[in-house]
Amino acid sequence: MPRFSLIVPCFKVQGFLRECLDSVLTQSFGDFELIAVDDRSPDGCGAILDEYAARDPRVQVLHLPENVGLGRARNAGLAHATGDYLLFLDSDDTLTPGALRAVADRLAETLDPDVLVFDYARTYWWGGTRRNVLAEVLTEAGPDTFTAEEYPRVLDLLMVVWNKVYRREFVRSEGFSFPPGYYEDTPWTFPVVLSARRIAALDRICLNYRQRRQGNILSTTSRKHFDIHDQYERVFAFVAQREELWGWRPYLHRKMGEHCLDVLAKPDRLPPADRAEFFRRTAAMFRAHKPEDALVDGEVGALEGSWTGYRIRRQAARAGREAVRRAELVRGAAAARARSGWASLHAHRPLDAQLVVYSASSHRGVLGDPAAVYAKAREIAPRLRGVWVVRDAETAARLPPDVEHVIVGSRRCLEVTARAKFFVNDVNWPGTLAKRPGSVHIHTHQGTPLKYLGADLLDKPGARLGLDVPQMLRRADRWDYSLVANRHAELVWERAYPCHFTSLRTGSPRNDVLVNGGPSGAVDSGDSVDSGGFRERHGIPAGHTVVLYAPTRRDYRRGGHVDRIDLARFAADLGEGHTLVVRLHPSLANGPARGMGLGELARRGIVVDATDEPHPADLLLATDVLVTDYSSVMFDYANLDRPIVVHADDWPAYTASRGAYVDITAEPPGHVAHSYRELAWLFASGSWRDEESAQLRAGFRARYCEFDDGRAAERVVRTLLLGEPMQEASAVRIPGQAAGRDTLTSA
């Protein structure tokens, strides 16, 4: 008896079917049967299914003699299922890598519940991906099982059949099956969820829900949408037979009204001539099933009135939204004029030579190189007033109380930026910031460049999608100084940003702590570097070898996330005495990437998720070895002189889509693995820290940590903010001009 029975009904999906089947058959967990139901599809679905069945014994094909529709096709597959659990997969959707393993592990952890609900992501025909907007419902469900009564928020999730697995014996004993017609998921899902005595949640994206440009049944204009009334009648009949469920009648009554009104509001569902009839049938059912304690307000209140009244309310709502939109445009224009006037007023006042404005990572807080410069300025030049520009009130609330700040776009921000002498940032300032004569813009960058940036992206259309390169260069024209940590970076910045700035060989201020191996000097908010503190916060046992895995984003995949390593397998292969720590690229922190397994693995203690650690130096100091693909963190980590392993299994694809200034596989900071098998062998054999890896690292450090001597922040403060001479400074090169006098040394 297999663990899973996957039932896949097929009808007119030949263009997507292979991808669907492959996503199942390539799962790392193989204890399943795949029951594919050919619902008399007129295209090549039947032949494709027979082809797969011929080469994989786990595939069983049912060819129905006539087309019966999605619900009855599922029933046909259900009759042949022998697995412990049922999973209904639509034939244009796909399972994510490792999904069945994650589901199997969660089922074992929760001792075989009746139902397990997992997460999904919408994948759009144009390439975009969006995670389920209610993913927090799964996160907040907790590790234990529950019932719908104990955790009613589970009913807020999309009431569909394919985001769950079902214990087959539970389905059999309750006699659940699918009715004919559209909206067949409704009379299955509500009875199943309300009847289940033990429900578990899995906070992991296990399914990609394809959003097709055309061909979606529910987007077809037809009277078949009237089926929704019969489907809810079935739900009400089921509840009526079970007294213990009568308490759900007010909820289901309102849900039915909202669902039907949603169908009515969509322009592509009902023929215009049938809309009035649909409303009247909905209103009649709404009245017929109204419980005594039903709360009828808001949108569903329209169902107690007439069709004419509903139409008037809809028209009034549209007119109101249009009025609000126009008012916002007027207010926005007025506010822009007011801000411009306020900035112009202060632009006539002299610059404040003691005022330094900082920003980092698009106004995300006190971070990176600007934070290191700010901390050093507070230490050796307390007379300087440092003000941070932050993105919103939420970000401001996380700052220490003694950090002066302004919110971007506010009147106070305009006042401060109009008066400041110095600007320190690692990302371009917005185009709305006008550079006053005499002000000094110091650009710190965000690390040594490996992948193409700036003007070099003009020949990489995929990587620069949505990026206005000419506008970027116009903003870079405001730079006065560009900080570099090595000659490689100096040449790249001049090529990628052909603007008039001076390159300063200062080193990277944020790396001072790595070179010195002491406190970071970060503002006192519990953010100072403390590797022991990081390990203690995350419960890492003393003596464990901490392996940091830090992948970067991919430009050949929309959204940027590609799973290159099975994290659970890697953690297991590392063995006892090791802790795997994972840090995603910042641009992926709030997207679907965590839902692809990282969040669930971290909850179970298999890995440590360090994506949200605000100060990477804390993390780097706490780890013993770095595993990365093409992340620039390797250049910073090399300052620690600790082992680095490069996992370069898609290097050709990466360089073709993004471009790279260095062949990191030819000049690596340590051993290079071209497959997971090679990566696992490096750790199993101990080669990750052998003599050859040390030699490779030494050469890498010599090239890319050239100016990182632990005094970069001090060098910036003294030479640029204070105008003082400082010894041991390197030469300066001015792009487009002959090399001039070294402005970092005394005259």
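Which residues in helix α3 (residues 70-79) are buried? I started my notebook here, keeping in mind that this is a predicted model.

**Entry 1: helix α3**

I looked up α3 and found that G71, A73, R74, A76, G77 and L78 are buried. Next I asked what these buried residues pack against. I listed four strands, β1 (4-10), β2 (32-38), β3 (59-63) and β4 (85-88), together with helix α6 (168-174).

**Entry 2: cysteines**

How many disulfides does the structure hold? I found zero. I then looked at C10, which is in no disulfide: the nearest cysteine sulfur belongs to C45 and is 5.6 Å away. I noted the cut-off for a disulfide, sulfur atoms within 2.5 Å. As a reminder to myself, a disulfide is a covalent bond joining the sulfur atoms of two cysteines. Is C10 buried or exposed? C10 counts as buried, because its relative accessibility is 1%. I checked C499 too, and C499 is buried with a relative accessible area of 6%.

**Entry 3: rings**

I looked up the aromatic pairs and wrote down 38 of them for the structure. I then followed one cluster, in which ring pairs link F88, Y166, F170, F176, F178, W188 and F238. After that I turned to charges over rings. The charged end of R223 sits over the ring of F226, 4.3 Å from the ring's centre. I also found R495 over the face of Y452, at 5.5 Å from the ring centre.

**Entry 4: a six-stranded sheet**

In what order do the strands of the open sheet stand? I read them off as β19-β18-β17-β20-β21-β22, six strands with parallel pairing. The edge strands, β19 (608-609) and β22 (672-673), each pair on one side only. I reminded myself that strands of a sheet pair through backbone hydrogen bonds, either parallel or antiparallel. Looking at one edge, I saw that β21 (residues 644-647) pairs with β22 over two bridges, in the parallel sense. I noted V672 in β22 as the bridge partner of V646. Helix α24 (residues 676-685) packs on this sheet and touches β17, β20, β21 and β22. I wrote down about 165° between the directions of α24 and β21. Helix α19 (residues 567-574) lies across β17 (545-550), β18 (578-582) and β20 (625-628). I noted that α19 runs at about 155° to β18.

**Entry 5: strands β10 and β11**

Why is strand β11 (residues 385-390) largely enclosed by the rest of the structure? I found that five of its six residues are buried, so the strand is largely enclosed. I then looked at its partner: β10 (residues 352-359) runs parallel to β11, and four bridges join them. At one position, L355 stands opposite R385 in β11.

**Entry 6: two single residues**

I picked D459, found in the loop between β14 (440-443) and α15 (469-476). D459 is exposed, because its relative accessible area is 69%. I checked D459 against R658: they are 199 residues apart in sequence and 9.3 Å apart in space, C-alpha to C-alpha.

My last pick was A713, in helix α26 (residues 712-721). At 2% relative accessibility, A713 counts as buried. Leaving out residues up to four places away in sequence, A713 touches A372, V373, K376, P509 and D512. I also compared A713 with G142, which are 571 residues apart in sequence and 44 Å apart in space, C-alpha to C-alpha.

Key. Residues numbered from 1 in each chain as written. Predicted model: local features only at pLDDT ≥ 70, side-chain atom pairs only at ≥ 80, totals over all residues. Heavy atoms only, no water. Phe/Tyr/Trp six-rings, centres within 6.5 Å; stacked < 30°, edge-to-face > 60°. Lys NZ or Arg CZ within 6 Å of the ring centre and 35° of its normal. Buried < 20%, exposed > 50% of the residue type's maximum accessible area, 1.4 Å probe, protein only. Pairing = 2+ DSSP bridges. Contact = heavy atoms within 4.5 Å. Axes fitted to C-alpha atoms, helices over the stretch in contact; angles between N-to-C directions.
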